[in-house]
Amino acid sequence: MNVLFIAGITVGQGFTDDAKIAADFLHAFDSLSAKGGIISAEEVQKALMAERSGVTLDLAKPASRELTGHGVYEKAKNATVITGVAYLCPRCENVHLSESTGYVIDPKGIIVTNYHVTASYAFMKDGNKPKGFVVRMADGRTYAVKAVLASSKKNDLAILQLETHGDVLPAIALADSAAVGDKIYILGHPKGIHYFFSQGNVNNKYMEEVGEGEGKFFREMMSVSADYATGSSGGPVMDIYGNVAGTVANTRMFLHSDMNAGVQMVLKNTVPVESLWKLIRK
């Protein structure tokens, strides 16, 4: 138990103030935006359409000592970021931040998130106007995204470079793979609930059919039983050692039938780390 007894007072783990984190994140974006240097939506568009692969990285050696659930949480929290897509909506003059998740894999400020998270900034819709793309560390440090190093629309992955001004960031190691039945953990920010931690197992590893008609293709997918929701996209899926085994991607709801719309199961799809290795090494 993570409880300390000091002078007769029980001191437990602190409580996350989600409203304060969101407000501080928006304030930090305003400060970064005033300084300039944030990558434009047009630059991100070009990079995503190029779909580059192959990145030189300073990766941490995978851990081999099993951790408690809380140990995985503490290790991962330092390297897990809140991604923020800033935009102006057509209904007011306020800047909004759409939050998702990512994680640092190189201390020089290189992170992994989803392609679709990055594309939400590059290809903004519904009359919204992009203002910036930034990330927030768990300790409050906030950095602008300055480049897209590699991306794969098919595998829903993007590797981004942050402007850290020389800061060395905590990074998380990559596993080689995970097997069906393995215990896994997920950290993310579902619906603005920051650093929500869940536990489950790898349910399946399969080739998912995506697209329609001649545009159909198959991609590697790993389904898990740990909980997550919108805002968790891009978050790390970790093994019992705290190494990344996958990246949160999407959910798929199974109904009983067209005649009976009762939900029977929600498939939690994550991108297996094998797909990330292929993007890095090409």
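**Around the barrel: a guided look**

Q: Leaving aside neighbours within four places in sequence, which residues is Thr-118 in contact with?
A: This is a predicted model, where local features need pLDDT of at least 70 and side-chain atom pairs count only at pLDDT 80 or more, while totals for chains, interfaces and linings use all residues. Residues are numbered from 1 along each chain as its sequence is written, and side-chain values use heavy atoms, with hydrogens and water left out. Contact means heavy atoms within 4.5 Å. On that basis, Thr-118 is in contact with Val-44, Leu-48, Thr-113, Phe-133, Val-148, Ala-158 and Leu-160.

Q: Is Thr-118 buried or exposed?
A: Thr-118 lies in helix α4, residues 115–122 (helices are DSSP runs of H or I of at least four residues, strands are E runs of at least two, and both are numbered from the N terminus). Residues count as buried under 20% relative accessible area, exposed over 50% and partly exposed in between (1.4 Å probe, protein chains only). Because its relative accessibility is 0%, Thr-118 counts as buried.

Q: In what order do the 6 strands close into a barrel?
A: Two strands pair if DSSP finds at least two bridges between them. In this barrel the pairing is antiparallel. Following the 6 strands around, the order is β3-β4-β5-β8-β7-β6.

Q: Which residue in β8 stands opposite Ala-147?
A: Look at strand β7 (residues 142–152) and strand β8 (residues 157–163), which pair in the antiparallel sense over 7 bridges. Opposite Ala-147, β8 places Gln-161.

Q: Is Asp-156 buried or exposed?
A: Asp-156 belongs to the loop between β7 and β8. Its phi is near 55 degrees, a positive value in a residue other than glycine. Most residues other than glycine have a negative phi. With 7% relative accessibility, Asp-156 counts as buried.

Q: Is Lys-191 buried or exposed?
A: Lys-191 also has a positive phi, about 55 degrees, although it is not a glycine. You can find Lys-191 in the loop between β9 (183–188) and β10 (196–210). With a relative accessible area of 65%, Lys-191 is exposed.

Q: Which turn residue between β4 and β5 has a positive phi?
A: 3 bridges join β4 to β5, and these strands run antiparallel. Together they form a hairpin with 3 residues between them. The turn residue with a positive phi, about 95 degrees, is Gly-109.

Q: Which residue in β8 stands opposite Val-112?
A: Val-112 is the bridge partner of Tyr-103 in the pairing of β5. β5 also pairs with β8 in the antiparallel sense, over 4 bridges. Standing opposite Val-112 in β8 is Ile-159.

Q: Which residues of β5 are buried on each side?
A: In a regular strand the side chains alternate between the two faces of the sheet. Both faces of β5 are covered. One side has Ile-110 and Val-112, and the other has Ile-111 and Thr-113.

Q: Which strands does helix α5 lie across?
A: Two helices are worth tracing here. Helix α1 (residues 18–35) lies across β3 (80–88), β4 (95–106), β6 (129–136) and β7. Helix α5 (residues 273–281) lies across β4, β5 (110–113), β7 and β8.

Q: What distance separates the C-alpha atoms of Gln-264 and Met-253?
A: Gln-264 is found in strand β14 and is exposed, with a relative accessible area of 55%. Not counting residues up to four places away in sequence, Gln-264 touches Phe-254, Leu-255 and His-256. Gln-264 and Met-253 are 11 residues apart along the chain, and their C-alpha atoms are separated by 7.9 Å.

Definitions and conventions
Axes fitted to C-alpha atoms, helices over the stretch in contact; angles between N-to-C directions.
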